[in-house]
Amino acid sequence: GITIMSLSVSSSGSISSSSSSSTTTRCRCKVLWSTQSGRAKACSRRLLRILKEEYGNVSVESKFMFDDDPALLSPSDDDDETILWILMVSTTGDGEHCDSIQTTWKSLLVRSLSKKLLRHVKFALFCLGDRAYGKQFCAAGRKLGTRLVQLGAQPFCDVGYGDDGTPNGGVFCE
């Protein structure tokens with residue numbers, strides 16, 4: 001069957017998604033980035049401008065580097081709430097995470113974390129890297145996406161990729 005879904009963003013920053021096969025769900029939105037050079041932050045700012053142009057006066061709950069969001073891994077007590085994370089993740093060095101996500105990444109790797117910790121999270125992931133690094137291209141973002149799913153988060157859409165080694169950023173989806 002085909003499910004038709006629409007996404008709406010209210011002026012208070014809440015996002016509602018509805019589909020032909022489900023009821024409307026309340027959703028909070030966070031835009032998070034990890035960056036070494038500032039590109040992921042610039043992408044996040046551009047995304048926010050696009051959302052405002054498209055949906056009007058959008059205000060998003062938080063716009064942080066990962067390590068600057070103290071409540072990021074706090075579980076939600078509201079079973080009817082969904083949190084949408086829009087993630088811009090740069091890869092640095094040989095497939096490594098940037099400095100601005102190191103603390104969060106170490107916290108995510110703790111083995112005792114519940115496999116349901118992020119059950120209320122849906123995420124849209126855009127990875128930035130350079131294809132010149134071969135198999136390490138966007139490795140940090142791919143690792144993050146895998147770990148989020150292991151902790152119960154659900155992808156909201158296909159992962160997007162940006163290639164820093166091309167003139168237009170080589171934006172594409174998998």
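In which loop does cysteine 138 lie? In this predicted model, cysteine 138 belongs to the loop between β7 and α3, and that position makes a convenient place from which to explore the strand on one side of the loop and the helix on the other. The backbone angle phi of cysteine 138 is near 55°, a positive value in a residue other than glycine. Most residues other than glycine have a negative phi. Cysteine 138 counts as buried because its relative accessible area is 0%, and the cut-off for that word is under 20%.

Before going further into the details, it helps to see the chain as a whole. The chain contains three helices and 10 strands, and, read from the N terminus on, its elements follow the order β-β-β-α-β-β-β-α-β-α-β-β-β. Of the 174 residues in the chain, 41% are buried. If one takes the contacts with a separation of 6 or more, 71% of them are made by residues that stand 24 or more positions apart.

We can now turn to the helix that comes after the loop of cysteine 138. Helix α3 covers residues 139–150, which makes 12 residues, and the distance from its first C-alpha to its last is 17 Å, close to the 16 Å expected at 1.5 Å a residue. Its buried residues are Ala139, Ala140, Gly141, Leu144, Gly145, Arg147 and Leu148, and the elements that cover them include the strands β5 (81–92), β6 (96–97) and β7 (121–129), together with the helix α2 (102–108). After α3 comes glycine 152, which has a positive phi near 100°.

One of the buried residues of α3, leucine 148, leads into the interior of the model. Leaving aside residues up to four places away in sequence, leucine 148 touches Trp85, Leu87, Leu108, Leu118, Phe123 and Ala153. In soluble globular proteins, nonpolar side chains tend to be buried together. Here the largest nonpolar core has 24 residues, and those that touch the most other members are Phe66, Trp85, Leu87, Leu118, Leu144 and Leu148. The elements that contribute two or more residues to this core are β5, α2, β7 and α3. Separate from it is a second core of 12 residues, whose members include Cys29, Trp33, Ile86 and Phe126.

The strands β5 and β7 deserve a closer look. In β5, 11 of the 12 residues are buried, while in β7 eight of the nine residues are buried, and each of these strands is therefore mostly covered, with buried meaning under 20% relative accessible area. β5 and β7 run parallel and are joined by eight bridges. Along this pairing, leucine 87 stands opposite leucine 125 in β7, and methionine 88 stands opposite phenylalanine 126 in β7. In a regular strand the side chains alternate between the two faces of the sheet.

Each of these two strands also has a further partner. β5 is joined by two bridges to β6, and these strands run antiparallel; within this pair, threonine 92 has glutamate 96 in β6 as its bridge partner. The hairpin of β5 and β6 has three residues between the strands, and glycine 93 in this hairpin has a positive phi near 55°. β7, for its part, is joined by two bridges to strand β8 (residues 154–155), and β7 and β8 run parallel. Phenylalanine 123 has proline 155 in β8 as its bridge partner.

Which residues does lysine 122, found in strand β7, touch? Apart from residues up to four places away in sequence, lysine 122 touches Thr82, Ile83, Leu84, Trp85, Gln154 and Phe156. Lysine 122 and phenylalanine 156 are 34 residues apart in sequence, yet their C-alpha atoms are 5.3 Å apart in space. Lysine 122 counts as partly exposed because its relative accessibility is 28%, a value between the limits of 20% for buried and 50% for exposed.

Finally, two features involve aromatic rings. The charged end of arginine 131 sits over the ring of phenylalanine 137, at 4.6 Å from the centre of that ring. The structure also holds one aromatic pair.

Methods. Residues numbered from 1 in each chain as written. Predicted model: local features only at pLDDT ≥ 70, side-chain atom pairs only at ≥ 80, totals over all residues. Heavy atoms only, no water. Helix = DSSP H or I, 4+ residues; strand = E, 2+ residues; numbered from the N terminus. Expected span 1.5 Å × (residues − 1). Buried < 20%, exposed > 50% of the residue type's maximum accessible area, 1.4 Å probe, protein only. Contact = heavy atoms within 4.5 Å. Core = buried A, V, L, I, M, F, W, Y, C linked by side-chain atoms within 4.5 Å. Phe/Tyr/Trp six-rings, centres within 6.5 Å; stacked < 30°, edge-to-face > 60°. Lys NZ or Arg CZ within 6 Å of the ring centre and 35° of its normal. Pairing = 2+ DSSP bridges.
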